[in-house]
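Student: Could you take me through one small part of this model up close? I'd like to know what sits around it and how you're counting things.

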Amino acid sequence: MKPFNVFPYGSNIDFLRLRWVSMAVAGLIMLVAIGAIAVKSFNFALDFTGGTSVELSFAKPVDVDGIRTRLENAGYTGAQVQTFGTGNELLIRLQPKTGSAKDSNNTINEVQSVASTPDNPGKIKGGGYVGPQVGRDLAANGIWALLFVVVGFLIYISFRFEKKFAVAAVLTTLHDVVVVAGWFALFGNEFDLTVLAGILSVMGYSINDTIVVFDRVRENFRTMRADPETILNKSINQTLSRTVITSFVAFLTVFALYLYGGGSLEGMAISQMLGIVIGTLSSIFVACPLLTMGWLKVTKQDLMPKAKDEAALARRP
């Protein structure tokens, strides 16, 4: 049985013919994202701003979405409700109505009243005010994690491929991360720890997709006799079906998480869906075009092993 391909293996779509247009569009989108982050900032959730945490225990399983709706109707918008332990226990995090730590006790009692029903009352197991210092620590740790991943990518790809490929891959990945983060800033969706986790996973997905294309570029540079633009274009076409099929399957998985994961995972699912779409497009329209521009312009000499293949290089056109 022949493998299924969305695009014929021998397809020859001229992606690099549009490289200036694609790079201009990618740059414009990135500028809009950076502007949204700088001007509007993020709608930080309780993980970063601080608030009241309430732990409730029930005799029977509870309707998490129903409790979240009742809390919103009671004036606690953006409340985070999730089960833990046996499944009959709830962890609820929300902002006190006055925004004060002194209001925490009143908030805990009101949350208990709203979450309870006559046939399934909730008992308070614990709770209290969580200050924004925790949020500052989490934000700092997220920035350190981002820097660690970027440096790791640079070292690994420079060792595995070549420094030009490393820079192009990191720039492409940062483009994807900034655009996804900018989307949350632009539209005001809550930015919590699950969103941060989703954005960090976007980095992994984006770099993986880019490396698959770059691996084919390296192979073709060593076997094809053609100019760099032709080789890059051929490499994109040869990996196109793999890129599209993998992205489609990954998107379906995350879309299922968006539909059935509940409100607590909605932000992470949205960030991952955006990341998959943007990462797929950037691996086709951004990563390889970067290798044709300025200092990043790649040549056969960059990829041929210098110690072993100097004679082979001399014979090549």
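Tutor: Let's fix one word to start: buried means under 20% relative accessible area, exposed over 50%, and partly exposed in between (1.4 Å probe, protein chains only). This is a predicted model, so local features need pLDDT of at least 70 and side-chain atom pairs count only at pLDDT 80 or more, while totals for chains, interfaces and linings use all residues. Numbering starts from 1 along each chain as its sequence is written, and side-chain values use heavy atoms, with hydrogens and water left out.

Now zoom in on T292, in the loop between α11 (287–290) and α12 (300–303); helices here are DSSP runs (H or I, at least four residues), numbered from the N terminus. T292 counts as buried because its relative accessibility is 10%. Leaving aside residues up to four places away in sequence, T292 touches L16, R19, E229, L232 and K297, where a contact means heavy atoms within 4.5 Å.

R19 also pairs with T292 side chain to side chain, in a polar contact at 3.4 Å. That term means a pair of N or O atoms within 3.5 Å; within protein, one must be able to donate a hydrogen and the other to accept it, and residues adjacent in sequence count only if both atoms are side-chain atoms. P289 joins in from the backbone: its oxygen is 2.7 Å from a polar atom of the T292 side chain.

One more stop, α8 (228–238): this helix is among the elements covering the buried residues of α9, which are L240, S241, T243, S247 and V254.

Conventions: Helix = DSSP H or I, 4+ residues; strand = E, 2+ residues; numbered from the N terminus.
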